[in-house]
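The exercises below ask you to read a ligand site and a sheet from a model, with each solution worked through in steps.

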Amino acid sequence: MSSSTTNIESVLHEERVFPPAASFSEAAHISSPADYERLRAEAADAPEEFWARMAGELHWFKKWDTVLKWDAPHAEWFAGGKTNVSYNCLDRHLETWRRNKAAIIWEGEPGEQRTLTYLQLHREVCRFANVLRRMGVREGDRVALYLPLVPELAIAMLACARIGATHSIIFGGFSATAIIDRVNDAGCRVVVTADGGWRRGAEVKLKETVDEALKGTPTVEHCIVVRRTGSRVNMTAGRDHWWHELAETVSADCPAAELDSEHPLFILYTSGTTGKPKGILHTTAGYLLWAHLTTKWVFDLKDEDTYWCTADIGWVTGHSYVVYGPLSNGATTLMYEGAPNWPEPDRFWRIIERHRVNIFYTAPTAIRAFIKWGEQWVSKHDLSSLRLLGTVGEPINPEAWMWYREVVGGGRCPIVDTWWQTETGGIMISPLPGATPTKPGSATKPLPGIEVDIMTKTGEAVTAAGQGGYLVIKRPWPSMLRTIWGDDARYREAYWSEIDGVYFAGDGARRDRDGYYWIMGRVDDVINVSGHRLGTMEIESALVSHEAVAEAAVVARPDELKGSGIVAFVTLEGSRETSDALKEELRRHVAKEIGALARPDEIRFTDALPKTRSGKIMRRLLREIASSGAVSGDTTTLEDFSVLEKLRAQEEE
Ligand code: WTA
């Protein structure tokens, strides 16, 4: 990252505004800008009273003594309190009519369906909690979960939470080496996996990968295996056990442990730009409170809703918004195991139609894929059940936002563009769909209780409207990460040292004259052209606003004259042909949309862009390709290696 104190310049001009429909607002939990302002003011004026009032929404075995102990940069929330996440997500609904409500509706990629009511889910969780105890797992022990998106993953999480074990979920697409690093860093005693899972019609052989990994993980005593695909696996006697066999031997009664508010709930590894992955630590009460509140507020969740967040549970979005937030609210949460284009590119729309999904939360990378595949796949399904759409994970280009609104939402559903991070535990900046007029490409305003700002590198507030800078968070919040597992120095350094006294998010952002936030991308991706620092997101948005373009990624390569030249990697919509004329047209288009300064020096067409396994574009790799034609940096988080090969081959053409 540059140590320059120059701000990031904004060149994106977006003037469209979409206020919520009156009918939506009337029924919403937070139903007007005034309601939002009232909550914000309450939280800003007396934060501890505000959080104490909010914490009343959870079940407590024992009330806390102190709302917040803040010894910067370390927070303790609701100190002295005793609660349990699993109890909040399950037991408290059993005393209500929700006992037989669907908690999880699951669809496997091959098409099977399973529904678990709250009562059924509770029983499965209790059984598995007893299984873990039988395997010697005690309060504070770490358990690794390496599973496909099957109900057993949610069951295992809730079982860990029930007995105070700390889970570390490892995304089911990661390699043996990635498992070894994570399991060893956390010192896990047990690994839970499956024989396999389904992805694009093929079996992902999870147990095989685990067998490989367990050669290098001395702390692991037991491996519990879910039978999912039924394919043959090697079971090492004494170490490996079938889930279904163990579950038969234990009782379905397991009272939830009364845990301290700050008891470690989970570790989730996130890759930094360089170096080894960081084990982000989240604890019990504060994390759950924010997952609970944000799910209710941002998704305007009602008891009648069928809610679907498409994220894999291996990412934080799946933790907070597939499992903990929805279940704590007593909602019906849908889980789908497989790929969006299996067997055809309309699988998601088929699922929405079949289950009458009301709330749909996905990522810009998926939306861009849908655009590329073409709207005919969407329009052949009845999506009239949808009432709210959400997005997370990357900045969404205004034209992709408009497409989402019109084609998927039929022009009637509000869109919540939610900005947050693994580290923040829950959504920080987002519209409240019944209260906030939305603007395509803006995450709008911080939620009540969240104090964000834009600063220069030296810590001065950037107050001018439209001026870019570094996004920071100025006050502790309940679901903040507590530290990096085993490396508190890195915690201080990565988040609390870049700018004095505030949390450094690593994203660029600007605020417009209405106080709306526009996220401009990771600050490491900023491009410096002739002394102007530009966020990649805005140039990409200009490209995507051209009707031929589905997706674009912009990076810098060294340029003697200008400091940096701009190289744009562009994926076209399904039916479009590449040509030199189109390259020229796109360059002109960017110059017209945002100015000659941002005109790409080079356009490269590509079928696909290199992405992380959670769908974020890896501009770092594109930067290497654009400047040297080769990739030397770390590629372990890359989703599809063949993409790099193709990009290199194109270079040689
Ligand atoms: C980016 C995912 C723009 C951002 C929950 C952040 C976004 C990083 C948005 C965290 C959004 C996430 N608009 N950018 N709505 N949401 N990001 O840890 O760069 O996987 O810092 O958490 O994703 O990614 P993570």
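**Exercise 1.** Describe which residues surround the ligand and which come nearest.

*Solution.* Begin with the residues near the ligand (those with a heavy atom within 4 Å of it): there are 16 of them around the ligand, and Asp417, Thr418, Gln421, Thr422 and Asp507 come nearest. The model is predicted, so that local features need pLDDT of at least 70 and side-chain atom pairs pLDDT 80 or more, while totals for chains, interfaces and linings use all residues. Residues are numbered from 1 along each chain as its sequence is written, and side-chain values use heavy atoms, without hydrogens and water. Next, sort the shell by character: six residues are nonpolar, five polar and five charged, with Gly counted as polar.

**Exercise 2.** Find the polar contacts of the ligand (N or O atoms paired within 3.5 Å).

*Solution.* Take the backbone first: an N or O atom of Gly393 lies 3.0 Å from a nitrogen atom of the ligand, and a polar backbone atom of Glu394 is 3.3 Å from a ligand nitrogen. Then turn to the side chain of Thr422, where an N or O atom lies 2.6 Å from an oxygen atom of the ligand.

**Exercise 3.** State the strand order of the open sheet and identify its edges.

*Solution.* The eight strands, which are DSSP E runs of at least two residues, follow the order β12-β11-β8-β6-β7-β14-β15-β23 with mixed pairing, where pairing requires at least two DSSP bridges. The edges are β12 (240-242) and β23 (483-484), each paired on one side only. Within the sheet, β6 (142-145) and β7 (166-169) run parallel over four bridges, and Ala144 stands opposite Ser168 in β7.

Conventions: A polar contact is a pair of N or O atoms within 3.5 Å; within protein, one must be able to donate a hydrogen and the other to accept it, and residues adjacent in sequence count only if both atoms are side-chain atoms.
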